[in-house]
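Biologist: I'd like to learn how to read a structure like this one. Could you walk me through it, one feature after another?

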Amino acid sequence: MKDFRIAVSGFGKRSHKVLSYLREAMPEMRIVALADPDPSRLADFCDPSEVAIYDDTDKMLANSSADLLFVGSPNHLHISQIRSGLEAGLQVFSEKPVVTTLDDTWKLAKLLAEHGAHRVMVGLVLRYSEQMGDLRHAIATGHLGRIVSLEANEHIEPQHGGFFMRDWRRKSEWSGGYMLEKCCHDLDIYSWLLKSRPLRVASFGGRGTFLSENRPIEADHRSLYHQTQSHWQSADDPFETDADIIDHQTAILTYENGVSMSFHTNLNAPDESRHFCLIGTEGMAEGDFQRGYLHVTDARSKQRLVDRDYTGDPNALVDHYGADRKMADELARFFRGQLSVLPVSIVDALEAGVAAMAIEEARRRGTVVDLQPYWDQLDKFDLRAVSSGRMSVS
């Protein structure tokens, strides 16, 4: 089979993970060029002598022949590199979030309208998870009736929170903020399940844990917050950094279809969870990605209609609950022309990003934010008409 050639912008931990799974699913895939100021981690993936190394994405694309540009750089660099890939005539895969500001959202929307939104794929992985497939099936079969409200959370453990406070993700100018960087996955799947976009949001939160007065005294406790290594623009002390992201936040959303939602996140939870509970006119669906279960219960009889335990699968609790591998499998089929659409599109990613930015805007301003003007602006580009990335609901 003909080689599938990939040029990579930014080969960090996430790029290594996704490309490793893609290589398993697509043995004909090979990296032909890399743009990264520190290409040392490439040696863990392949023979660096077989890859052309550049210090600039544009130089790489001007001097390389590739089928796909893989964008795995820090978030604030995505838009310029996506633009370069599109203008070079390539397909583009970008890690999430694809942009970090509303201004860049409109700039990217314009690029997609010009070049075709179907040419850009995005690494929003939770739609690929087995739990989401089972939950969508339960909704489609009518077990919940009409969804009325939901609550969800994402609680990460101290070593993960410490990583965020030391890594480049601690700075909103690079990451877009915590809600955008980490929780855009969650905002995407709930809009997907509800078939609706958020209409108004309010939010509260800030920094309560990662402050100098909370620095652990015991050395082994301090080391806990340094377990995950950071590379680019890292900071030493998660309790005394220049970070401007939150470490706890609560958001309240109402959707265009009238559904209400509450969402909570915290970066110092000893027992991690990514919980969801959707309550409808006929029943309730409750589950947790991290703890590996899904329960669907009839509202009136209290009969358990779905009772899934995913913890028996060794892949169920790793790498986005098995979704990284499933995404790679579907990407391989898509690149080979065996699959015409993917479960998530670049348009979905833009919408999840706008929702995350609005939540952070509401927190900073201390007011309710109306998203209708943002949707009006995005809809002017008519991107759904030029995107083949959203699967139909069946």
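**Reading the model, feature by feature**

Modeller: Let's start at a residue: Asp382 is partly exposed, with a relative accessible area of 48%. Buried means under 20% relative accessible area, exposed over 50% and partly exposed in between (1.4 Å probe, protein chains only). Before we go on, this is a predicted model: local features need pLDDT of at least 70, side-chain atom pairs count only at pLDDT 80 or more, and totals for chains, interfaces and linings use all residues. Residues are numbered from 1 along each chain as its sequence is written, and side-chain values use heavy atoms, with hydrogens and water left out.

Biologist: Where is Asp382 placed, and what is its phi?

Modeller: The general idea is that most residues other than glycine have a negative phi, and most peptide bonds are trans. Asp382 goes the other way, with a positive phi of about 50°, and sits in the segment after helix 12 (372-379). Helices (H or I, at least four residues) and strands (E, at least two) are DSSP runs, numbered from the N terminus. Asp319 also has a positive phi, near 50°. Asp319 is in the loop between strand 14 (304-309) and helix 10 (323-335) and is partly exposed at 22% relative accessibility.

Biologist: And the peptide bonds: is the one from Lys96 to Pro97 cis or trans?

Modeller: That one is cis, with omega near -20°. Pro97 belongs to the loop between strand 5 (91-94) and helix 4 (102-115).

Biologist: Let's zoom out. How many helices and strands does the protein have?

Modeller: There are 12 helices and 15 strands. The radius of gyration is 21 Å, close to the 21 Å that the globule rule gives for 394 residues, so the protein is as compact as a globular protein of that length. That radius is taken over C-alpha atoms, and the rule is 2.2 Å times the number of residues to the power 0.38. Along the principal axes, the C-alpha atoms fill a box of roughly 65 × 55 × 45 Å. Buried residues make up 56% of the 394.

Biologist: How should I read aromatic pairs?

Modeller: A pair of aromatic rings is described by the distance of the centres and the angle of the planes. Here, rings of Phe, Tyr and Trp (its six-membered ring) pair if their centres lie within 6.5 Å; planes under 30 degrees apart count as stacked, over 60 as edge-to-face and the rest as tilted. The structure holds 13 such pairs. In one of them, the rings of Phe163 and Phe164 have centres 6.0 Å apart and planes at 80°, so the pair is edge-to-face. Phe163 is buried at 9% relative accessibility, and Phe164 is buried at 2%.

Biologist: Which pair links distant parts of the chain?

Modeller: Trp168 and Trp232 do, 64 residues apart. Their pair is edge-to-face, with 6.5 Å centre to centre and 65° between the planes. Trp168 is buried at 8%, while Trp232 is partly exposed at 32%.

Biologist: One last residue: which ones is Cys277 in contact with, beyond its neighbours within four places in sequence?

Modeller: Contact means heavy atoms within 4.5 Å. Leaving those neighbours aside, Cys277 touches Ser149, Leu150, Glu151, Met284, Ala285 and Glu286. Cys277 lies in strand 11 (residues 275-280) and is buried, at 6% relative accessibility.
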